Each structure stands twice: as structure tokens, then as C-alpha cells.
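User: I would like to learn how to read a few features of a model. Please take them one at a time.

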Amino acid sequence: MLVGFLVWNFFGGGFSDNLEELTVHYIDVGQGDSIYIKSGDTDMLIDCGESGDCEKVISYLDGMGITDIDYVVGTHPHSDHMGGMSKIVANFNIGEMIIPHIDDSDTPTTKYFEKFLNACSVKNLSLTEAEIGRKISLGDAVLEIIAPCSEDYSNVNNYSVTFIMNHGDNSFIFSGDAEKLAENEMIESGKLQDIDVYKVGHHGSDTSSSEDFLNVIKPDYAVISCGTGNSYGHPCDITIENLSKFTDKIYRTDISGTVVFTSDGKNLDVKTER
């Protein structure tokens, strides 16, 4: 079932003759994040979930015939986002590894992060710190890094590397676990815009997706990556209530499994695993 789902989305028809097809895969990794983006011959993986759940990401990408990934982003050093990153580094040829600048006092000393650094060393893969304003082209899509805006936070979630991606008329935002402090910094930066597809911050926690933030991005679609029956109660009722003021197209990986958006630069198509 999943293989057919992948093939349908990856080779589906009806796209614009002007722009290369863009696909954005919100991979179901339970209570974590993992997003694969491909446009033309260029691709990016954002996060990979916990170490155990990362096997799903590897299997998913293997099923698409992926062996090389141009850009891999670890939004911030929490295990539900980067727990399996050593396996990603070991299993794929990576062009560039992007992580946020982390204050020395916040640099993880956990086993998974040590394994990640060791895997990068074995592959001679250097780490690139995210730089605000940097633009990355993925086929006909352009991503711009808009956060983190500061160099030192008391909460590691606010270090989350955040991108806005534009593909023709369609726009996406990926904000990791950025909380309200970081969201306010993004508002103040003037970099935000109306967004078509919002990867909901921090798995739908009430620490993210502030009303002020949503009032600026005005999402038409929302995708929440969260685990079935998770102990955090994600997504929170208030988050769903606030999102519902802007859209009724709210997708949850705990309910729908993997969610795939396809853009031709004008239209958006959405398919879910279940």
C-alpha cells in the first residue's frame, strides 16, 4: 500500500509545464519530525525523528530510490528531531549538513549527538551553521533561512532552523519546534509572509503557533507531526482552535500517516497514507 502511495505521488501527472514538480513529504515518524523535499534533481531532508523511528525514514527514502541527499538539516539538537541522524549520515551520501549555531552551554552531551558527530567525522562531512538570509535553490523552489534570530536561548527549541520555501505561487514554512519567543522574533524580522502550508511548530504544542504568528502567516493548510496517543497531549486543543480560524485543512500524522504535498507552482495536491 505504501509503495503504491509513493509511486503515485512521485510520478503523478497533471503538473505545470513551466515549473519542475515539487513534492514535500511529511513522513510519519511518530512523536517527532521528518520532512523530505524534492524538486527536479535537488532534494533536502529536514530532521529524521528518534533513532528507532529513523528506520522508517531510511526505508521510505530507499523505496524512492534515494541514495544521495543534497541538503540535510537538523533543526535543533533534540532526539525527536535528530535522534537518528547518525544513521542518515551513514546510509546516504550527503552534500551539506546544516545545523543551528548552538551556544556552548547548550551543546548536547547525549549519546545520540555524539554518534551523529562521529558519523560525520567518518564520512568527512563538515557541519554548516544556518545563516539568516541564506537562500537555497531546490529545482524551481527557493528556500530562505529566517531563524534562529538570536545566538543564545534558554530553551533549545528556539534554536530551530526555520525556512520559508516558495515554489511559484505556493509557499511553505518549516519551523521545527520554534516557540513563541522565536516566533515573535520572526514577526519582528519582517521576513514572514502569507503561507499556504504550515508545518505546525512543536508538534501542535501550545508553546508554539501563537495567535500573533498565525495572524501573519495565515496558513491555508496545516500539517502536525505527532505520535498516536502521545503523553504530551499533542496537538493541544487551543492550537487546533487557533488553526481552525484560518483553515479546516489540518492534517495529522497520527491520524493520516505520511502526508505528501505536490506543487506545480500554481496548484497544490495533497495525498495521505491512510
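User: What is the mean pLDDT of the protein, and what share of its residues reach 70 or more?

Analyst: pLDDT is the predictor's confidence in each residue, from 0 to 100. Here the mean is 94, and 94% of residues reach 70 or more. This is a predicted model, in which local features need pLDDT of at least 70, side-chain atom pairs count only at pLDDT 80 or more, and totals for chains, interfaces and linings use all residues. Residues are numbered from 1 along each chain as its sequence is written, and side-chain values use heavy atoms, with hydrogens and water left out.

User: Which residues of helix 2 are buried?

Analyst: An α-helix has 3.6 residues a turn, so residues three or four places apart point the same way. In helix 2 (residues 54–63; helices are DSSP runs of H or I, at least four residues, numbered from the N terminus), the buried residues (under 20% relative accessible area, 1.4 Å probe, protein chains only) are Cys54, Val57, Ile58, Tyr60 and Leu61. Seen down the helix axis, they fall within an arc of 160 degrees (taken from the directions from the axis to the C-beta atoms), so they line one face of helix 2. Glycine 65, with a positive phi near 75 degrees, follows helix 2.

User: Which residues are buried in helix 8?

Analyst: In helix 8 (residues 237–244), Thr239, Asn242 and Leu243 are buried. Their arc is within 100 degrees, so these residues also line one face of their helix.

Methods: Buried means under 20% relative accessible area, exposed over 50%, partly exposed in between (1.4 Å probe, protein chains only). Helices (H or I, at least four residues) and strands (E, at least two) are DSSP runs, numbered from the N terminus.
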